[in-house]
Amino acid sequence: MKILPYQPDQSGLAYSVGTTLDRFIKLKQSDFPFASGELSQLLRDIALAAKIVNRETTRAGLSNIGGAFGQVNVQGEDQQKLDVIANIRFMRALSKGGEVCAIVSEEEDAVIDLQNTSGKYVVAIDPLDGSSNIDVNISIGTIFSIYRRKTPTGSPIQKEDIMQAGTEQVAAGYVLYGSSTMLVYTTGCGVNGFTYEQSLGEFFLSHPNIQAPTNGKIYSVNEGTQREWEDGILAYIDQCKDRRYSARYIGSLVADFHRNLLKGGIYLYPATKKNPTGKLRLLYEANALALIAEQAGAMATDGIQRILEIQPTTLHQRTPLLIGSSEMVKEAESMISTLIKAPLL
Ligand code: FDP
C-alpha cells in the first residue's frame with residue numbers, strides 16, 4: 001500500500017474558498033481568556049441564527065412577513081413582524097446551545113432567564129436594528145454583546161450579572177443584512193469581518209483585522225432633529241459642513257456604523273427634546289459597537305465619557321452616542337465640552 005503526504009494542489013485549477021467563520025473561531029479560541037470552547041459555540045449559535053434571519057429578510061418582500069406586527073415593544077416602538085421573527089430566532093439559538101444563562105433583548109420587557117444551570121454567559125441583543133427600513137429594502141442589522149455572568153453558574157440570575165459596564169464584554173458583534181450579509185465581531189483581540197456565501201451557506205473571512213481610519217470626511221446624523229441639539233453638536237456639524245464633508249445617514253445604526261468604520265467618519269445620535277438621554281440603547285446597541293470601534297482603533301463616547309465606562313442602571317437605558325474615527329470623535333467631544341450647553345428647545 002502506498003501512502004503519500006497531502007500536498008495542496010498547485011495547479012490553480014480550483015481556487016481556495018477561504019477561511020470559514022467556524023474554522024476561524026476554532027483557530028482563535030486560545031485567544032479567549034476562558035478558552036473552554038463555550039464562547040466559540042455561542043458565537044456559532046449566533047451565526048446560525050443570523051443565517052436564518054438573513055433568509056427571512058431576503059424573502060421579506062415575497063412572503064407575508066413584511067409590515068407591522070400590531071404590537072408595541074417596551075420602548076414604545078411599533079414592532080415589525082421581522083423584529084418579532086428575529087427575536088424568536090436568536091432566542092431559540094441562544095437557549096438551545098447551553099452556554100447562555102440570561103438574555104436582554106430590545107424586544108423583551110424583562111431579562112429572560114433561560115434557567116440553564118450550566119450557562120456562563122449573558123447576551124444583550126438587538127435582534128433587528130433599523131427596523132423602520134425593513135419594508136423599503138434598505139440595510140438592517142443585528143447587534144450583540146456577550147458578558148460572563150458575575151455570580152456562580154447555576155445560582156439565580158442577579159442584577160450584577162446583567163448591569164455590567166461595556167468594558168466587561170468578552171465579545172461583541174453585529175450582522176449587517178445589506179448588499180451582502182456580513183458578520184463582524186471581536187473578542188477583544190482585534191475585529192474581523194466575514195461575508196456570507198449564500199450558495200455554500202457559510203460566512204467566510206473577508207475583512208481580517210479591520211482598522212478604522214483615524215479621520216474621515218463623512219458625518220452621519222438625523223439632521224431633522226437639528227433644532228433640538230445642544231450648541232456643541234450644532235457647532236460640530238457646522239464645522240463638518242464648512243469642511244464640505246459628506247452627509248450620509250441610512251437610519252440603520254449598523255449600516256451607518258459599518259460604512260464609517262471602513263471608510264472613516266462619525267455617527268452621532270445626540271440628546272434631543274424627544275429623547276433627552278439619546279435614543280440608542282446602552283446595553284444592546286452602544287456597548288457592542290463601542291467595543292468594536294475601540295478594537296478597530298476608533299472611539300465611542302456619549303459626549304462626556306467613554307461609552308464602555310458607563311455603569312448601566314436600567315435594562316433599556318438610552319445614551320447619546322458619538323462613534324467613529326478617533327480624530328472626529330475627539331473633536332466633537334471637545335466642542336461639546338467647551339460650548340455652554342443651551343437648553344433643548
Ligand atoms: P430603528 O428605530 O429604525 O430601529 O436602533 C434605533 C434606530 O433605528 C437605529 O438603527 C437608527 O440609526 C436610528 O434608530 C434612527 O433613528 P431616527 O429615525 O430617529 O433617525
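Q: What makes the radius of gyration of the chain agree with that of a compact globule?
A: The radius of gyration is taken over C-alpha atoms, and the globule rule is 2.2 Å times the number of residues to the power 0.38; for 345 residues this gives a value near 20 Å, and the chain has 21 Å, which agrees. This is a predicted model, in which local features need pLDDT of at least 70 and side-chain atom pairs count only at pLDDT 80 or more, while totals for chains, interfaces and linings use all residues. Residues are numbered from 1 along each chain as its sequence is written, and side-chain values use heavy atoms, with hydrogens and water left out.

Q: Why is Asp256 called buried?
A: Buried means under 20% relative accessible area, exposed over 50% and partly exposed in between, with a 1.4 Å probe and protein chains only; Asp256 has a relative accessible area of 0%, and is therefore buried. Across the chain, buried residues make up 52% of the 345 residues.

Q: Which residues are in contact with Asp256, leaving aside its neighbours within four places in sequence?
A: Contact means heavy atoms within 4.5 Å, and on that basis Asp256 is in contact with Ser220, Arg248, Tyr249, Ile250, Gly251 and Tyr267.

Q: Where does Asp256 lie?
A: Helices (H or I, at least four residues) and strands (E, at least two) are DSSP runs, numbered from the N terminus; Asp256 lies in helix α6, residues 253-263, and the chain has eight helices and 17 strands.
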